[in-house]
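Work through the exercises below with the sequence and the model in view. Try each task before reading its solution.

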Amino acid sequence: MSIVSDNMKYLRKLHGMTQDQFARRLGIKRASVGAYEEQRANPNIDVLKLMSKLFNVSVDDLLKKDLRKIRETPNLLPIDKPAVTPLVSEPKVGVEPQTLSSIFEQYYTPPAAVPRPQSIPAPPSVPVASVIEPPKPVAPVQPPSPAYQPPAFNNQYDNSNGATMVQMPTAEYEKTSPQLIPYVRQSQWKEYIEKHNNNDFIKRLPVFQWPLLPNGAYRAFEAGDDFTYPNAFLIGQFIGNWYDIADGKTYLLVARNLGVVCRRVYNQVKIKGTLLLSSDKNTIPTFEVPLKDVLEVWEIKAFFSTVLPEPTVSLDHLRHLVNQMQEELNQIKK
């Protein structure tokens, strides 16, 4: 099936595709393409149908016709070229060969000499007033972009009528890549509470890259003393409604008269209109915060710290040490 191999190689190169690109278009391995073109294997009927559809050539033509001889670019691959009649026939035996000048005079007739004018008249002058400049194109006026709306937490709760749901706006902030995350240091907490919904202030915050997070609204905060690991930054995903706060998960809350805290949260809004905040540290008491005082809620998705945790001794290791000491005491008694 050398015709199929030649046609495959010819059509692939005609369309400027590598073997790897050609294999992906057919849904086969690149090694299979190499085997077909080098005549080490024959393509099955499914591959022939895919080639027929890709190159708009019938399967019958792929199998029976040398497409290199009927296409518009037959010199893309080396093919058997038809004999070309030379411009000057070879000299016959016994006839003196022609010189190059005689051949040139035989097939080339110089053009008639054209008399050169003595002087070329200057073009007529055009009055300046008659030249009209074309109007300059006017750039289209772009409509002003809509004002940026930062995300806002739904802290509306009515004890008499029950909880009220607020539709969150879909802003560009919700669609940005999480790989560039703004972060807030402890020294900026006070200013952040006052300007957390100020777009100019948020844009001035420094950013860092963090991969492997799905698209969403993210922000990082330098952890305080309420977090287990010191010198850590907490990366949180924005929570728009208190309905999405799950019991027992760790959140970072920005609240009035409280600041920025990291706690395990228990949702008591439907019962009391509050959130119960519990710390993993035994020295920090548990307390409630009214929902109306909460400005932002961020679910902790990751954290990083510049300080490694202290190693902990396992019970198995302690038991092994006690056994060793017991064996040494027994040897001393002997």
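The exercises go from the whole chain to one helix and then to one loop residue.

This is a predicted model, in which local features need pLDDT of at least 70, side-chain atom pairs count only at pLDDT 80 or more, and totals for chains, interfaces and linings use all residues. Residues are numbered from 1 along each chain as its sequence is written, and side-chain values use heavy atoms, with hydrogens and water left out.

**Exercise 1. Describe the protein as a whole.**

Step 1. Count the elements: there are 10 helices and 11 strands. Helices (H or I, at least four residues) and strands (E, at least two) are DSSP runs, numbered from the N terminus.

Step 2. Look at burial: 31% of the 334 residues are buried. Buried means under 20% relative accessible area, exposed over 50%, and partly exposed in between (1.4 Å probe, protein chains only).

Step 3. Look at contacts (heavy atoms within 4.5 Å). Of those between residues at least 6 apart in sequence, 60% join residues at least 24 apart.

**Exercise 2. Find where the predictor's confidence is low and where it is high.**

Step 1. Start from the mean pLDDT (the predictor's confidence in each residue, from 0 to 100). The mean is 76, and 68% of residues reach 70 or more.

Step 2. Go through the elements: strand 2 (residues 162-163) has the lowest mean pLDDT, 44, and strand 7 (residues 250-255) has the highest, 94.

Step 3. Check the stretch around strand 2: over residues 160-175 pLDDT stays under 50, and the model has 31 contacts for them beyond four places in sequence.

**Exercise 3. Determine which residues of helix 4 are buried and what they pack against.**

Step 1. List the buried residues of helix 4 (residues 45-55): Val-47, Leu-48, Met-51, Ser-52 and Phe-55.

Step 2. Place them around the axis: they lie on the same side of helix 4 because they cover an arc of only 140°. The arc is that of the directions from the helix axis to the C-beta atoms.

Step 3. Turn to the face away from the buried side, which carries the exposed residues Lys-49 and Lys-53.

Step 4. Identify the partners: the buried residues pack against helix 1 (2-14), helix 2 (19-26), helix 3 (30-37) and helix 5 (59-64).

**Exercise 4. Characterise the surroundings of Ser-279.**

Step 1. Locate Ser-279 in the loop between strand 9 (274-278) and strand 10 (287-290).

Step 2. Read its relative accessible area, 12%, with which Ser-279 is buried.

Step 3. List what Ser-279 touches, leaving out residues up to four places away in sequence: Asp-226, Arg-263 and Ile-284.
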